[in-house]
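Here's a quick briefing to read with the model open on your screen. Have a look at the fold before you dive into the bullets.

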Amino acid sequence: MAASNSSEFPYASSSVLPVELVDSLNQVYFLHRLATEPERVIPPGKTLLSMMIQSQIDSGKPTEKQETNLVDRVKEVAHRAFWNEAIESLSSPQPSVQLPRLKRLYGDLAESLAPLFPPDHKIMQFLQAHLPPTTSPLHYALEVLKELLKALRERCAPIRDETIDQLYTKLDEWRDPIPERIPPHSEDHSELSGPRLAALIVDTVKAIVSLAEYMKSDLNTAILGSMGEQEVKGFVLQQAKVRERGLIVELWSANQSSSGQVLREKWRTWLVSASTEGIFSQTPPDRQWIVRLMEQLGTNISISCDLPTSFSQGSEQSTTNSTQTPSNEVPPHFFFVAPKLHYIQNYLQAITIAASLRILAQVPGPRGHEFLDRVWSLLKMEIDEDVHGPPSELGATKIINLADEVVRIKGPLDANQDAQLREAVERTLRPQDPVFMLLHRRLTEGLTRQLLEYMAAAADGTSRPTGRAIPDTLKTGRTIGAIPVKRPKVGFPDHLDLSPRSSAEGATAPVVVKGFEDPLLVSEIQSVLREIIVCTTWVGMVWGDLVCNLEFSNREGLTQI
């Protein structure tokens, strides 16, 4: 598979999506790729640690682009009203109005500073305590903020000292207006100093909240810098799981509580639509989702995972396409692995095409291996160039090239034989062709069987079945979320080592499917099996508790969770 350094999420390219959502999707997708396929994301000469620090994905520190597109747009529209309301409330001469608003500001500060101070720190205890009664809440707030800045300066990186010193100086230099210099028309000097002091306090609070984000980024960078490579991998893996799950729950639980009920319903609906007949009809409930997924990967309809309709409204083209094209949609749990699943569909189609042409050419020995190698090079280039194209379509140029290879290997032919052979090639490449359908079904069933055997071995805590091209470091681990009752045990690892070296070490006895016996096809089947295992393993790691809950409830007739 061709390497790709793009961190843009393919489904986020629509111009109708909000800029903030596109940024979030791209950040989480990049983190997802760092966790699942780092060798395709990290440039030569760089390390995982350098990518973490550079991208700021660990703390969400805004980059220059994000600062322009996100912070300026959102804060100027939404946050401006918030801070203006705070200034207006604190400008009131009545302490009974000022104190409740100060309390809320202290609560915001406590929330922002929680990762920087221990819970028992005097600053945190004060911010969360009841405010003492006073006739001058604003002057008392001045002293509180000054003490807070002193505490922050003790904990910040040296690069933040200047910013803190500037904030402290503004507070320290505050002086109430001298009564003799109050304009004659002012009834009280508080009318002159109140709004200015209120603005100073609110501006300082706003600056501290922003400063806290940078300090958290500095802290995360320092912690990452002290980690070893394996510790960084574990950190990336954990962050990828948490942020991916959080974003999907947020997107699909809009205007509802983030309990995951919507996702449970979508998983349940998707699972019950699986075929109940066939060779996998007796699959245990905790692995039925594997069979369902493989059914979709084995179809000629492009697999998809669309955003909620609330984000796609207004796109007439999207609505038209959805009504004209049959759906092959997976639930939101597969949202960030959907591009890889789409690639796997293309990969399976290409392997089946290569096997079909091998049978059509019927060239044994070294010449047959050379023919298949040339055919596979054309197919692999096609799927790598157009990862997100329809998996059942080959460009006309590629069909001609494949036909040329078949004609070349069959030797000198007259015009009639040439035309007949080219027609046979075109017919063989159609997904409706009986030979194509037979081979593709065998391939899909063979991979499904191997995947189920691996999942069963992982769930039992035993070593993987001999002869499976599966990395040794895909180990059984805990599922996400504490479940107080016993559930069917599903083997989802907490660590992924997806390096080519580990994959090669696992390929001791390749899986052979009837019709795909050529060594090149066997090798490519091993590669695509590994990609499928990565996708299913990742979904299990991120959504293990939901998957287990739903599988368990399905056993009882899909009762309410």
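What follows is a short tour, from the whole chain down to single residues.

This is a predicted model, and its secondary structure comes to 20 helices and zero strands. The protein has 561 residues, and 46% of them count as buried. After that we zoom in on a handful of helices and two loops.

**The protein as a whole**

- Take the contacts with a sequence separation of 6 or more: 75% of them join residues that sit 24 or more positions apart.
- The accessible surface adds up to about 27,800 Å², and carbon and sulfur atoms own 52% of it.

**Helix H4 and the loop residue Thr134**

- Helix H4 covers residues 95-113, and at 1.5 Å a residue its 19 residues should span 27 Å; the end C-alpha atoms are 26 Å apart, so that agrees.
- On the buried list for H4 you'll find Gln98, Arg101, Leu102, Leu105, Tyr106, Leu109, Ala110, Ser112 and Leu113.
- Some background helps with lists like this: an α-helix has 3.6 residues a turn, so residues three or four places apart point the same way.
- Thr134 belongs to the loop between helix H5 (122-128) and H6, and it counts as partly exposed because its relative accessibility is 26%.
- Which residues does Thr134 touch, leaving aside its neighbours within four places in sequence? The answer is Pro95 and Leu99.
- Thr134 and Leu99 are 35 residues apart along the chain, yet their C-alpha atoms are separated by 8.9 Å.

**Helix H6**

- H6 runs over residues 137-155, which makes 19 residues; at 1.5 Å a residue they should span 27 Å, and the end C-alpha atoms are indeed 27 Å apart.
- Buried residues in H6 include Pro137, Leu138, Ala141, Leu142, Val144 and Leu145. Further along the helix, Lys146, Leu148, Leu149, Ala151 and Leu152 are buried too.
- Glu147 is also part of H6, but at 38% relative accessibility it counts as partly exposed.
- From C-alpha to C-alpha, Glu147 and Tyr168 are 9.2 Å apart in space, with their positions 21 residues apart in sequence.

**Where H9 meets H10**

- Helix H9 (residues 229-252) and helix H10 (residues 261-272) have axes that come within 8 Å and cross at roughly 90 degrees.
- That angle is why the two helices, H9 and H10, count as roughly perpendicular to each other.
- H9 brings Ile248, Val249 and Trp252 to the contact, while H10 brings Val262, Leu263 and Lys266.
- Sorted by class, the contact of H9 with H10 has five nonpolar residues, one charged and no polar ones.

**Helix H11**

- Is helix H11 (residues 288-297) largely enclosed or largely open? Eight of its ten residues are buried, so H11 is largely enclosed by the rest of the structure.
- The buried residues in H11 are Trp289, Ile290, Val291, Arg292, Leu293, Met294, Gln296 and Leu297.

**Gln362, a backbone oddity**

- Most residues other than glycine have a negative phi.
- Gln362 isn't a glycine, but its phi is positive, at about 50 degrees.
- You'll find Gln362 in the loop between helix H14 (338-361) and helix H15 (365-385).
- Buried or exposed? Gln362 counts as exposed, because its relative accessibility is 62% and the cut-off for exposed is over 50%.

How values were computed:
Residues are numbered from 1 along each chain as its sequence is written. This is a predicted model: local features need pLDDT of at least 70, side-chain atom pairs count only at pLDDT 80 or more; totals for chains, interfaces and linings use all residues. Side-chain values use heavy atoms; hydrogens and water are left out. Helices (H or I, at least four residues) and strands (E, at least two) are DSSP runs, numbered from the N terminus. The expected span of a helix is 1.5 Å times one less than its number of residues. Buried means under 20% relative accessible area, exposed over 50%, partly exposed in between (1.4 Å probe, protein chains only). Contact means heavy atoms within 4.5 Å. Accessible areas come from the Shrake-Rupley method with a 1.4 Å probe; for residues, only the protein chains shown count as cover. Axes are lines fitted to C-alpha atoms, for helices over the stretch in contact, and angles run from 0 to 180 degrees between N-to-C directions. Angles under 35 degrees count as roughly parallel, over 145 as roughly antiparallel, 65 to 115 as roughly perpendicular and the rest as oblique. Ala, Val, Leu, Ile, Met, Phe, Trp, Tyr, Cys and Pro count as nonpolar, Asp, Glu, Lys and Arg as charged, and the others, Gly among them, as polar.
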